Amino acid sequence: MINIEIDEHSGFCFGVTTAIRKAEEELKSSPTLYCLGDIVHNSKECERLKRLGLVTIDHEKFRALRNAKVLLRAHGEPPETYAIAKENNLELIDATCPVVLKLQQRIKQKWESGESGKQQIVIYGQSGHAEVLGLVGQTHGNAIVVESPAQIENLEKECDTYLYSQTTKSLEGYKQIVEATRNHISSEHKFESYDTVCRQVANRMSGISEFARSHELIIFVCGRKSSNGKILFNECKRVNPNSHQVESAGEIDFSLLEGISSVGICGATSTPKWLMEDCKQAILEHKTTNT
């Protein structure tokens with residue numbers, strides 16, 4: 001008999017849940033709704049919403065769009081996006097996560113209150129990530145993005161420095177960046193760091209570690225574009241080497257189940273519950289037909 005448990009704490013975070021709910025509500029009365037970028041970094045959930053009428057567009061298509069409704073996903077957008085929407089008579093359904101929105105406002109206020117050339121705003125995050133692009137946009141493109149402590153060496157030493165973090169980065173990684181920056185910036189200049197890591201995301205780290213330890217085999221369900229997913233999967237792999245990532249039930253290698261009596265299924269903040277349920281069902285059906 002095999003025991004299969006789905007991690008109750010895995011699945012969409014508040015911001016993603018809200019964005020998807022807004023899309024579903026709008027699609028009940030509209031045959032088509034545009035979304036600027038993937039609503040969530042999970043291809044299977046994007047495909048489900050596409051069947052309901054959600055049309056994903058990139059920024060190039062967004063600039064050419066006129067007189068339409070466009071959903072802004074939880075990741076947030078730079079000020080330029082709002083200006084284009086106004087110019088093109090686009091109705092925005094803004095689903096920016098409240099945590100991200102607050103961070104955007106904080107960075108904008110800090111940038112506008114400082115003297116040009118006498119401060120540098122640093123963002124610990126994944127370069128090119130949708131959220132990071134929105135954050136950098138609050139400084140008219142002047143914020144500096146760093147992904148590792150080694151990149152801190154490229155910062156100006158003789159300059160007041162203000163450090164923020166992408167909301168979905170790990171707390172441990174952020175602490176390393178803080179320490180490296182503090183050691184790099186001249187003591188004659190101001191250095192302030194702001195812990196802007198989302199706790200709903202960060203708190204999953206310890207929970208998923210405990211979950212991964214409690215099972216012989218871990219099936220981690222996640223889209224490969226998910227930044228948060230990479231962090232959580234790596235943590236699963238660290239505490240339980242028998243951890244394997246899949247995007248859907250169709251990718252499960254059933255040979256992994258040989259000799260296994262306990263399977264844990266978990267995922268990222270971008271993983272829908274129904275995908276994890278699909279994986280559980282697929283395993284149960286495999287065991288039923290092969291015993």
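With which side chain does the side chain of Glu45 make a polar contact at 2.7 Å, in addition to that of Arg48? The side chain of Trp274 is that partner, at 2.7 Å. A polar contact is a pair of N or O atoms within 3.5 Å; within protein, one must be able to donate a hydrogen and the other to accept it, and residues adjacent in sequence count only if both atoms are side-chain atoms.

This is a predicted model: local features need pLDDT of at least 70, side-chain atom pairs count only at pLDDT 80 or more, and totals for chains, interfaces and linings use all residues. Residues are numbered from 1 along each chain as its sequence is written, and side-chain values use heavy atoms, with hydrogens and water left out.

**Glu45**
- Glu45 sits in helix α2, residues 43-52. Helices are DSSP runs of H or I with at least four residues, and strands are runs of E with at least two, numbered from the N terminus.
- Glu45 is buried (under 20% relative accessible area, 1.4 Å probe, protein chains only), at 1% relative accessibility.
- Beyond its neighbours within four places in sequence, Glu45 contacts Phe12, Ile20, Val40, Pro272 and Trp274. Contact means heavy atoms within 4.5 Å.

**The sheet**
- Four strands form an open, parallel sheet in the order β7-β6-β8-β9. Strands pair if DSSP finds at least two bridges between them.
- β7 (144-146) and β9 (191-193) are the edge strands; each has a single partner strand, so one side of each lacks a neighbour in the sheet.
- β8 (residues 160-165) pairs with β9 in the parallel sense over three bridges.
- Thr161 has Phe191 in β9 as its bridge partner.

Methods
Buried means under 20% relative accessible area, exposed over 50%, partly exposed in between (1.4 Å probe, protein chains only).
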